[in-house]
Every structure is written in structure tokens, then in C-alpha cells.
Amino acid sequence: MADEGPPPKGVVLGMYVALGTALSLIFGREPGTLAADPVKDFAISAVAICGFFLWYSVFDVMSVGVLRIRSKSLYGKADDEPEDLRMALRVQANQVEQMTNFVTATVAFSVLVNGIVGGVLGCLWVLLRAAYAHVYRKSAGVAWKDKGLGTFTVPCYFLINSMNAATIVHMLRLAALNEGDDDGPRWRRLQQGKEAARVVSSKGRLPNATSALVEHVAHEGLVDAHKLGDEGLEVEDVLGAALDAVLADGGPFEDLGLELVVEIFDEFLEESLEDDVGGDTLGEEFVEFFPAGEELL
């Protein structure tokens, strides 16, 4: 029975999109956020990319040169070249065709979606491409249908294009998240609050309650200001009680930690209450709270 060939292009595209959507939803960070430690998160992807080019230079490129010298076909025509040289040339050309897609997909997915998963998928791609190159170079005299190259090339296409689709889906999710937000990207303010909590906890050695407090403030900052008009005093009471608990439980801590907490609360007041009728009164009363907090230290 004759080979049926690949499925329709629409079916293939649909499979890429389905896999990409799954990668974005299951493994992706919150759309628009970056890794807390970008270098560590990108490390596996860097190994995959550099490993591929190292393999390509040593095995794919040099193999062509060695076979040309061995067959004395440095400038020969394609028809006059030995079959093993033609196989090596085809391997090199195919690697060049695929490397742009590999690097682009791996970097975009790792930076914007998930660096660890992107690195693992990139490493799998490199291993499959290395196996493909080895088998192809050794396949002189073997009929095309018996070479078995599809065992390597098909998974490679799915690995790379699934990452491409996942990056697109992730960015579409980001656009949907920010739609209709006139006060700036909500994800950015949430990320800043979480990052501040992490920095304060590690650098300022504040108790764990502080991280929870800062994340609470960041979350409250996402609420439209006009909705806080009738609840201003309640917000003040919640924040004051939370900070009181921090000061009572935390004891002395470094000036850096206190400055970061004050900065986060100031940013919260400016962003969340700027359109609130009672915002000025709440802001003034809340600012007066911090000198009392400093005296407790």
C-alpha cells in the first residue's frame, strides 16, 4: 500500500494549537509575568541551544568536510559526489533549516511562558535532531522509506511548533487580561506586589505575615478606586490591624524592609484611592500611622 503522506495542514495546525494551549494553561506562569530568577529559569534552555550548535559544528559541519576530503570532491558537482557525502550535505542543510525555528521557539517560550519546561522540550528536540543526523548520515544505500527518519523529525516538529503556539496563546491571554483596564496592566501591579514581598522577606528579614500583608495590598490595589469610596474606613482598619500585627510579631528589622513596606503602601494609596471622594482623608490618616509604627521599633 502506498504511503498516505501527512494529514491536512489544518489538522496539523489544530494539533499544534491544542498542544500549545495545554502548555500555556498547565505550565505557563501568569501571563505577562517573568520568572523570579530569570537566569536560573533560562539555564536549561541555554544548555539546549548551545548544545545544539556545539553538536552542529562538530558533527554536522565537520562530517561534510571530512567526507569531501576523503572523496576528493571539494568542488565536485552533486551528481559526481558519493552518496554518503550527499547524505551528510542533506543533514547539514536540514539542520540549518530547522535551527531558526528551534532557537526562536525555545527562547520565546522560556522567557514568556515557562523556562524550565521550555528547556526540557528544547533538550528533547536537540537529542532527537542529533539522532536524526546520525541515522541519516549512515543511511547511504538504504531506500528512503526504510531510513526511518520520521521517527525523529515528526516529534521535533511537534515539540517546536507546540512551543510556538503556546507563546501565542499566552500572549493572547495577556491581552485579554489587560483589556479594559485604564489604570495600567493589572498583572504588572500584582507582580510588583509579590516581588516586593519576596524582597522584603529575604532582605529585610520580616516575618511571614509581612509577605501576606503586601500581597493583600497588591490584590486590593487591583480593585477600581471608585468602588472603595464607601469602604475607605474599612480598608484603613484592615491595613492598620495587619501592619500592627507585623510590628508586634516581627520585632526589630532592617531599615530596608521598613522602607519597602512604606513604599508599597504609598503606591497602593496613590493608585487605588486617587479617584475616591474619601481618598484624601484616608491617605492622610494612613500616612500618620507610620511614624507611630517607627516609634514601636
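# A guided tour from the largest pocket to the salt bridges

Begin with helix α5, which supplies five residues, the largest share of the lining of the largest pocket. The model is a predicted one, in which local features need pLDDT of at least 70 and side-chain atom pairs count only at pLDDT 80 or more, while totals for chains, interfaces and linings use all residues. Residues are numbered from 1 along each chain as its sequence is written, and side-chain values use heavy atoms, with hydrogens and water left out.

**The pocket.** Select L149, G150, T153, V154 and Y157, which lie nearest the centre of the largest pocket among its 21 lining residues. On a 1 Å grid over the protein atoms alone, a pocket is an open set of points where a 1.4 Å probe fits, with protein on both sides within 12 Å along at least five of seven lines; a lining residue has an atom within 4 Å of a point. The volume of this pocket is about 590 Å³, counted as the space filled by probe spheres set on the grid points.

Next, colour α1 (9-27), α3 (83-112), α4 (115-137) and α5 (150-178), each of which gives at least two residues to the lining. Helices here are DSSP runs (H or I, at least four residues), numbered from the N terminus. By character, the lining divides into eleven nonpolar, six polar and four charged residues. In this count Ala, Val, Leu, Ile, Met, Phe, Trp, Tyr, Cys and Pro are nonpolar, Asp, Glu, Lys and Arg are charged, and the others, Gly among them, are polar.

**Between T21 and V169.** Move to T21, in helix α1. T21 is partly exposed, at 25% relative accessibility; the classes are buried (under 20% relative accessible area), exposed (over 50%) and partly exposed in between, with a 1.4 Å probe and protein chains only. Then add V169: its C-alpha atom is 6.0 Å from that of T21, although the two residues are 148 apart along the chain.

**Helix α4.** Select α4 from end to end. Its 23 residues should span 33 Å at 1.5 Å a residue, and its end C-alpha atoms are 33 Å apart, which agrees; the expected span is 1.5 Å times one less than the number of residues. At the N-terminal end, N114 caps the helix, with a side-chain oxygen 3.0 Å from the backbone nitrogen of I116.

**The salt bridges.** Which residue forms a salt bridge with D60? The partner is R137, with the closest N and O atoms 2.7 Å apart. R137 lies in helix α4 and D60 in helix α2, so the pair ties together parts that are 77 residues apart in sequence. R137 is buried, at 13% relative accessible area, and D60 is buried as well, at 0%. While D60 is selected, add Q95, whose side chain joins that of D60 in a polar contact of 3.1 Å (N or O atoms within 3.5 Å, one able to donate a hydrogen and the other to accept it; residues adjacent in sequence count only if both atoms are side-chain atoms).

The model holds three salt bridges, each a side-chain nitrogen of Lys or Arg within 4 Å of a carboxyl oxygen of Asp or Glu. Another joins R29 and D41 at 3.3 Å, N to O. R29 sits in the loop between α1 and α2 (38-71), and D41 in helix α2, twelve residues apart. Both R29 and D41 are buried.

Finish at R90 and E97, whose closest N and O atoms are 3.4 Å apart in a salt bridge. Here R90 is partly exposed, at 31% relative accessible area, and E97 is partly exposed at 47%.
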